[in-house]
Each structure stands twice: as C-alpha cells, then as structure tokens.
Amino acid sequence: MSWIVLVASGMFEAVWAIALDATEGFKRIRPTIVFLVALVISMLGLAYAMREIPTGTAYAVWTGTGAALTVIYAVVRGLEKPQVLKLLLIGLLIGCVVGLKVVS
C-alpha cells in the first residue's frame with residue numbers, strides 16, 4: 001500500500017508544480033488553491049509512505065515520478081519540445097523508479 005500511496009503522491013507533486021507555474025506568482029486564486037491542496041496531499045502521502053519505505057528511496061521515487069509527469073505534461077501540452085534524448089531520459093527515470101521498487 002505504501003508504494004501505491006508514494007506514486008500517487010508523486011503524481012500530486014506534478015499537479016502542484018504545474019499549478020505553481022499557473023499561479024503567476026500567487027496572483028491567480030484558483031491555481032493557488034490547486035497548488036496548496038495538491039502540495040498538502042503530496043506531502044501527506046510522502047510522509048505516510050516513509051513509514052515503511054526508506055527516506056532516500058521514497059524521496060527518489062516521489063521526485064522522479066513528479067518530475068517525469070511534469071515533463072510529460074509539458075510535452076503533451078506543447079510547452080516543451082519532444083526531443084528524442086529528453087524522452088529517452090524521462091523513460092530512464094521511470095525505469096529507475098520501477099527499479100527501486102523491484103530492489104526494495
């Protein structure tokens with residue numbers, strides 16, 4: 001269960017990162033609320049997962065999941081160019097997250 005919560009928390013990390021950009025320096029209320037809610041959910045999930053998963057592993061999975069999803073979102077939305085090397089590196093990042101689960 002901790003791994004499911006951890007990956008979900010990483011997804012919420014991507015949500016708050018994307019929402020943070022949309023706040024325009026906390027000038028827009030709706031993205032600011034989304035940012036705050038997603039941030040709290042993400043941190044609570046990370047804290048829950050760290051009760052059973054070692055800190056280093058949990059943090060690596062949390063940030064890796066959030067970073068990969070944030071880049072994928074940006075590419076899909078056309079905010080970043082889908083460069084082959086970038087997509088390969090994101091694939092490797094996802095592979096590392098899966099690898100951490102396998103060795104844990």
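Select Phe-35 first. In this predicted model, Phe-35 has a relative accessibility of 9% and therefore counts as buried, the cut-off being under 20%. Next, add Trp-16 to the selection. Trp-16 also counts as buried, with a relative accessibility of 16%.

Display the rings of these two residues. A search of the whole structure finds three aromatic pairs. Trp-16 and Phe-35 form one of them, with 5.9 Å from centre to centre and 80° between the planes, an edge-to-face arrangement. Colour the helices to see what this pair connects: Trp-16 belongs to helix H1 (residues 2–22) and Phe-35 to helix H2 (residues 29–49). The two residues are 19 residues apart, and their pair links distant parts of the chain. Now include Phe-26, which forms one aromatic cluster with Trp-16 and Phe-35.

Stay with helix H2 and select Gly-45, which lies in this helix. Is Gly-45 buried or exposed? Its relative accessible area is 8%, so Gly-45 is buried. Leaving aside residues up to four places away in sequence, Gly-45 touches Val-5 and Ser-9. For a distance across the structure, draw a line from the C-alpha of Gly-45 to that of Thr-70: the two are 18 Å apart in space and 25 residues apart in sequence.

Move next to helix H3 and select Tyr-59 and Trp-62. Both residues lie in H3, three residues apart, which is about one turn of the helix. Their rings form a tilted aromatic pair, with 5.8 Å from centre to centre and 35° between the planes. The partners may be compared by accessibility: Tyr-59 is partly exposed, at 49% relative accessible area, whereas Trp-62 is buried, at 5%.

Finally, show helix H3 (residues 55–76) together with helix H4 (residues 84–103). Two packed helices are described by the angle between their axes and the distance between the axes. At what angle do the axes of H3 and H4 cross? They cross at roughly 150° and come within 9 Å. H3 is therefore roughly antiparallel to H4, a term that applies to angles over 145 degrees. The crossing of these two helices is left-handed.

To view the contact itself, select residues on both sides. Among those of H3 are Ala-60, Val-61, Gly-64, Ala-68 and Ile-72; those of H4 include Lys-86, Ile-90, Leu-93, Val-97 and Leu-100. Colouring the contact residues by type completes the tour: 11 are nonpolar, three are polar and one is charged.

Note on methods:
Residues are numbered from 1 along each chain as its sequence is written. This is a predicted model: local features need pLDDT of at least 70, side-chain atom pairs count only at pLDDT 80 or more; totals for chains, interfaces and linings use all residues. Side-chain values use heavy atoms; hydrogens and water are left out. Axes are lines fitted to C-alpha atoms, for helices over the stretch in contact, and angles run from 0 to 180 degrees between N-to-C directions. Helices (H or I, at least four residues) and strands (E, at least two) are DSSP runs, numbered from the N terminus. Angles under 35 degrees count as roughly parallel, over 145 as roughly antiparallel, 65 to 115 as roughly perpendicular and the rest as oblique. A crossing is left-handed if the near helix is turned anticlockwise from the far one by less than a right angle, and right-handed if clockwise. Contact means heavy atoms within 4.5 Å. Ala, Val, Leu, Ile, Met, Phe, Trp, Tyr, Cys and Pro count as nonpolar, Asp, Glu, Lys and Arg as charged, and the others, Gly among them, as polar. Rings of Phe, Tyr and Trp (its six-membered ring) pair if their centres lie within 6.5 Å; planes under 30 degrees apart count as stacked, over 60 as edge-to-face and the rest as tilted. Buried means under 20% relative accessible area, exposed over 50%, partly exposed in between (1.4 Å probe, protein chains only).
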